Amino acid sequence: MVSEIQALLILPPLAIGRCGSSADPMDNYEAVPNADDPAGFRKLVPAETLRVDPATGEIREVFMPAEVRFRDAEGRIRPVAPFFELWAQFAEDGLFHPLTADHLAEHGLKPADVQWRVRVGNHKAARRTGHAADKVDADTDLFGDPAPRTLTGRAPHFTPDGAIPLGTVQYLLPNAAFPEMRLRFTPAAGKIYGPTLPAGTAPDPHVAAQVYDSEHGAWGKHIDDPGDPSTTSPPAIYAFSQNPDTQKPTCRGYLDDTCDGLIEAHLTVDGQALSAYARIAVGPPDFAPDSFHVRTLADELEQILLGPEVAEPAAPEEIIDVIRRSLETIRLMNIEWFNNVQIVDQNGQVSASAFGDGANYGQTLELHARLMATLAGLNAPVDSPQYQSALRTLRGIAARMRAYQQTADFTTAGRQLMPALMRGSDDRLLALTRRQREKVGSRQ
């Protein structure tokens, strides 16, 4: 019986890669809470990983890494290189399943009939200058073979031979052991590229190559206009030098090899053209894998999919996870800087600084441990003392959580709400998503 292919889907619909110069991509791992230290760092546990033969474009095996390593033997950072898998719907309004070589053969098709296309860009410079000619874009065009494709980023304001490699992609051809259709995106090395320099100027040791034509583009001379509503807060979030004449920060014209864009898959079945797409985003390496941020992209997507309301009391682990991440966020901050007491003179200049009566981080960790131990009582019977104690603690936490309408409240009382000492977008204070707050308050 022929499995009629009704529609295509790429999973995951969104993946995040991380730059790295190692030829050995990062293995899979999980960051799980430490049962022996609930308020402490998460444990990094190896997870099953696919081993790819880049020469043939085939998956050779599933293996379990012996340990979690973020650098290779030479000390180079291992990139996070996500996989994208093509799924198909075989009945109208039916479930999606991985598309295999056998499914294609039933329609007289081959794996090469699946055509991929990847388009990515780095528009950071164009975002500041407002010039479309500063957009760095790369496009593989359609392909259906396993040869690796380099995403060569170019811009109209680049030199004639100037280019930035924004990563590589490879179609992983199916085999008997792994018959699914997959594509792998391997991010770039994480290098910096710069503008052309005047003749006789010493090369910039920070850049891998001079790719931006300073004679035609203005990125290397860019200065943020404080009155421009498109600028960000804080301003000048790019490498700059202080101009001695204007006393303003002037951009150094640096460009990096991060990017984001679209992964496309196309297949014609019995004369019907089907397609699907997913998104890829690439950022710098993350060296805080054992601590999660209190508000993540996953929280935003969950609220989009399920709404801000929680119909039933949230599961204890969902509530505890929100609180745990709020404590973990503290480890991502420079606590010593926030505890630093600065003495400012009458001219507004910092004349001295000292570590005064700031928060004692060691004592804070002990407090966090007791807090997590108390919240574990949410798993106890509702009529038990442990549950009632956890509920009282949870009510106190919920009363201190900032609502999204309070992000512009910079009074002392407003700044003391949780999450504290954290900036959101456009220089506002940070608030949890409405769904996160609803979870914490769902057992009131």
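Colleague: Leaving aside its neighbours within four places in sequence, which residues is Pro156 in contact with?

Modeller: Pro156 is in contact with Ala133 and Lys135, where contact means heavy atoms within 4.5 Å. This is a predicted model, in which local features need pLDDT of at least 70 and side-chain atom pairs count only at pLDDT 80 or more, while totals for chains, interfaces and linings use all residues. Residues are numbered from 1 along each chain as its sequence is written, and side-chain values use heavy atoms, with hydrogens and water left out.

Colleague: What makes Pro156 exposed?

Modeller: Its relative accessible area is 62%. The rule is over 50% for exposed, under 20% for buried and partly exposed in between, with a 1.4 Å probe and protein chains only. Pro156 therefore counts as exposed. You'll find Pro156 in the loop between β11 (149–153) and β12 (164–172).

Colleague: And why does Arg428 count as partly exposed?

Modeller: Arg428 has 41% relative accessibility, which falls between the two cut-offs, so it gets the middle label. Arg428 belongs to the loop between α8 (412–415) and α9. Not counting residues up to four places away in sequence, Arg428 touches Thr407, Ala408, Phe410, Met422 and Arg423. Take Ala408: its C-alpha atom and that of Arg428 are separated by 5.6 Å, with the two positions 20 residues apart along the chain.

Colleague: How many helices and strands are there in the protein?

Modeller: Nine helices and 22 strands. Those are DSSP runs numbered from the N terminus: H or I over at least four residues for a helix, E over at least two for a strand. Of the 444 residues, 39% count as buried.

Colleague: How do you know that the buried residues of α3 line one face of the helix?

Modeller: In α3 (residues 297–306), the buried ones are Asp299, Glu302 and Gln303. Looking down the axis of α3, these buried residues fall within an arc of 95 degrees, so they line one face. The arc is that of the directions from the helix axis to the C-beta atoms. On the other side of α3, Ala298, Ile304 and Leu305 are exposed. Cover for the buried residues of α3 includes α4 (316–331) and α9 (434–441).

Colleague: What makes α3 roughly perpendicular to α9?

Modeller: Their axes come within 8 Å and cross at roughly 85 degrees. That value lies in the 65 to 115 range for roughly perpendicular, so α3 and α9 get that label; under 35 degrees would be roughly parallel, over 145 roughly antiparallel, and the rest oblique. The contact is made by Asp299, Glu302, Gln303 and Leu306 of α3 with Arg434, Arg435, Gln436 and Lys439 of α9. Axes here are lines fitted to C-alpha atoms, for helices over the stretch in contact, with angles running from 0 to 180 degrees between N-to-C directions.

Colleague: What comes just after α3?

Modeller: Gly307, which takes a positive phi of about 90 degrees.

Colleague: On to the sheets. How do you know that β14 and β15 pair?

Modeller: Two strands pair if DSSP finds at least two bridges between them. Strand β14 (residues 192–195) is joined to β15 by two bridges, so this pair meets the rule. The two strands run parallel, and Pro195 has Tyr212 of β15 as its bridge partner.

Colleague: Why is one side of β15 left without a neighbour in the sheet?

Modeller: The sheet is open, with three strands in the order β15-β14-β18 and mixed pairing. β15 (210–212) and β18 (255–256) are at the edges with a single partner strand each, so one side of each has no neighbour in the sheet.

Colleague: Which five strands form an open sheet?

Modeller: The order is β2-β20-β19-β9-β10, and the pairing is mixed. β2 (14–18) and β10 (136–139) are at the edges, each with a single partner strand, so each has one side without a neighbour in the sheet. From one strand to the next, the twist averages 20 degrees.

Colleague: What makes β19 and β20 a pair?

Modeller: Strand β19 (residues 259–269) and strand β20 (residues 272–283) run antiparallel and are joined by 11 bridges. Against the pairing rule, that qualifies. Thr268 stands opposite Ala273 in β20.

Colleague: And how many bridges does β9 have with β19?

Modeller: Seven, in the antiparallel sense, with β9 spanning residues 115–122. β9 is also joined to β10 by four bridges, again antiparallel. Val120 has Gly261 in β19 as its bridge partner and stands opposite Ala138 in β10.
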